[in-house]
Amino acid sequence: MRRSRSANNLLTLDPEIEWTLHRVRREVEARTRIERELDIVVQPQPIEMAGNVERAVVEAARPNLSNMTQAIMKPEITGHFELKQYMVQLIQSTGQYVGLSHEDPQRHIQNFLEITDTYNYPNVSKEYVRLTLFPFSLLGEAKEWLQKEPVNSIHTWDDLARKFLIKFFPTKKTKSLRSQILGFEQRDRETLHQAWERYKKLLRDLSHHCQTDEVLGHTFVDGLDEASKMNLDSACGGSCMVKPYSEIQLLLNNFTANDHNWQGDGDSRQASKQKTAGLIELDDLSAMRAEIAKLANQMNRMTMQQTQQMQHVQQMSLCCELCGDNHMSDMCPTNLESIYYVGQQSRGPMNQNAQYGNTYNPNWKNHPNFSWGGNQPIQNHYRPQGNFNQP
């Protein structure tokens, strides 16, 4: 009886079977060589004894993926959420939070929620989207803080935001901002609109100031100068203290909206710097003039010093090194190379006292013309011209 074979059990014909065999051998050898270089050893199956799993000793020195856990535990969803590249790029482009002292964690959370609330997926909760994308908004110290949190310790978005604010908005910062609010004062050369904008920024930076509207209104009005108080009372039609805080707030906001000369908060900081006790502040023009005057005085002082040095050098150059008189050394009569010495040699033998010169010098103590006795009479080597009779 003839047996039939199924076509599914037949192998396909390989016309290059030898080439295929060599290729398979080369792949096996390459994989074996790579395993040896990486020190990858195929371990035998663990033996389970009395409920304990035995492992090789070398496993204690190797990292295990089971130990690489995260602090955020996401909720289960029934829908499909696909994390796309533009989501991460948009969050990181708005500014990643590092944890520096000048960064505001409240504003970071507000910007993060503005972006993530625009992502809507069917059967995917906002909680899941926020917990998935928030780690991409952290960097540096803030990223390290999240990685150090206990495993699966964060289950909800509120829990994550609360721990984030506790870490990066300490109580000392709250105390400092609250003191600035309660001690608010209008700065010198600061307009009413600029003062109100700065006061609102303090309230925005510390949303948990725990102060009533009456306290906030009284603090702002009491911190204004007399001119600003008069303007505010005039706009309120009387004393602004008798008005509720909501009316004062609405009136000041209208002032700011209708002020066409308002330059923003940045210019107010530059134009209204707080004065320090015992110091006189100057504007930029006065400070520049003072610097120019200071440089001019330094230049005059340097010019005078150079002039004095040149005069001193000239005086020293006119002092004779041989006799100390006020002439050059090459013009001194005592110099053998002087023109006076050459002229006297043409006239006759040089006078023995010619070395003292023609002018008096206190150093010439032995000059015969200035001594009282003990000296021989001077012989005149110059003969008078003409014929004179001898006595």
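Which residues in H4 meet which residues in H6? In this predicted model, Glu127, Arg130 and Leu131 in H4 meet Trp157, Asp158 and Leu160 in H6. By class, this contact has three nonpolar, no polar and three charged residues. Helix H4 spans residues 126-133 and helix H6 spans residues 157-168. Their axes come within 9 Å and cross at roughly 40°. Angles under 35 degrees would count as roughly parallel; H4 and H6 are therefore oblique to each other.

The overall composition sets the context. The protein has 14 helices and two strands. Of its 391 residues, 24% are buried. About 30,400 Å² is exposed, and carbon and sulfur atoms supply 52% of that area. Among contacts with a separation of 6 or more, 57% join residues 24 or more positions apart.

H4 was examined further for burial. Six of the eight residues of H4 are buried, so the helix is largely enclosed by the rest of the structure. The buried residues are Tyr128, Val129, Arg130, Leu131, Thr132 and Leu133. Two of these names recur in the H6 contact: Arg130 and Leu131 both belong to the H4 side. The cover over the buried residues of H4 includes H6. Helix H2 (85-93) and helix H3 (105-116) are also among the covering elements.

The loop that follows comes next. Leucine 139 is found in the loop between H4 and helix H5 (141-148). Its relative accessible area is 42%, so leucine 139 is partly exposed. Leucine 139 touches Gln96, Tyr97 and Val98, leaving aside residues up to four places away in sequence. The C-alpha atoms of leucine 139 and glutamine 96 are separated by 6.1 Å. Along the chain, these two residues are 43 residues apart.

Backbone geometry was considered at two loop positions. Most residues other than glycine have a negative phi. Asparagine 152 is not a glycine, yet has a positive phi of about 55°. Asparagine 152 lies in the loop between H5 and H6. With a relative accessible area of 38%, asparagine 152 is partly exposed. Cysteine 210, likewise not a glycine, has a positive phi of about 60°. Cysteine 210 sits in the loop between H8 and helix H9 (213-222). Its relative accessible area is 67%, so cysteine 210 is exposed. Cysteine 210 and arginine 178 are 32 residues apart in sequence. In space, their C-alpha atoms are 9.0 Å apart.

Helix H8 was then followed through two packing contacts. Where H8 meets helix H7 (residues 171-182), the axes come within 10 Å and cross at roughly 150°. Angles over 145 degrees count as roughly antiparallel, and H7 and H8 are therefore roughly antiparallel to each other. The crossing of H7 and H8 is left-handed. On the H7 side, the contact is made by Leu177, Gln180 and Ile181. On the H8 side, Tyr199, Leu202, Leu203 and Asp205 take part. By class, the contact of H7 with H8 has five nonpolar, one polar and one charged residues.

The second partner of H8 is helix H11. H8 covers residues 192-205 and H11 covers residues 245-258. The two helices pack at an angle of about 120°, with their axes 10 Å apart. Angles of 65 to 115 degrees would count as roughly perpendicular; H8 and H11 are therefore oblique to each other. H8 passes H11 in a left-handed crossing. From H8, the contacting residues are Leu192, His193, Trp196, Glu197, Tyr199, Lys200 and Leu203. They meet Tyr245, Gln249, Leu252, Asn253, Phe255 and Thr256 in H11. This contact has seven nonpolar, four polar and two charged residues by class. Tyr199 and Leu203 of H8 appear in the contact with H11 and also in the contact with H7.

Key: Residues numbered from 1 in each chain as written. Predicted model: local features only at pLDDT ≥ 70, side-chain atom pairs only at ≥ 80, totals over all residues. Heavy atoms only, no water. Helix = DSSP H or I, 4+ residues; strand = E, 2+ residues; numbered from the N terminus. Buried < 20%, exposed > 50% of the residue type's maximum accessible area, 1.4 Å probe, protein only. Contact = heavy atoms within 4.5 Å. Areas by Shrake-Rupley, 256 points an atom, 1.4 Å probe, with all protein chains shown as cover. Axes fitted to C-alpha atoms, helices over the stretch in contact; angles between N-to-C directions. Left-handed = near helix turned anticlockwise from the far one by under 90°. Nonpolar A, V, L, I, M, F, W, Y, C, P; charged D, E, K, R; others polar.
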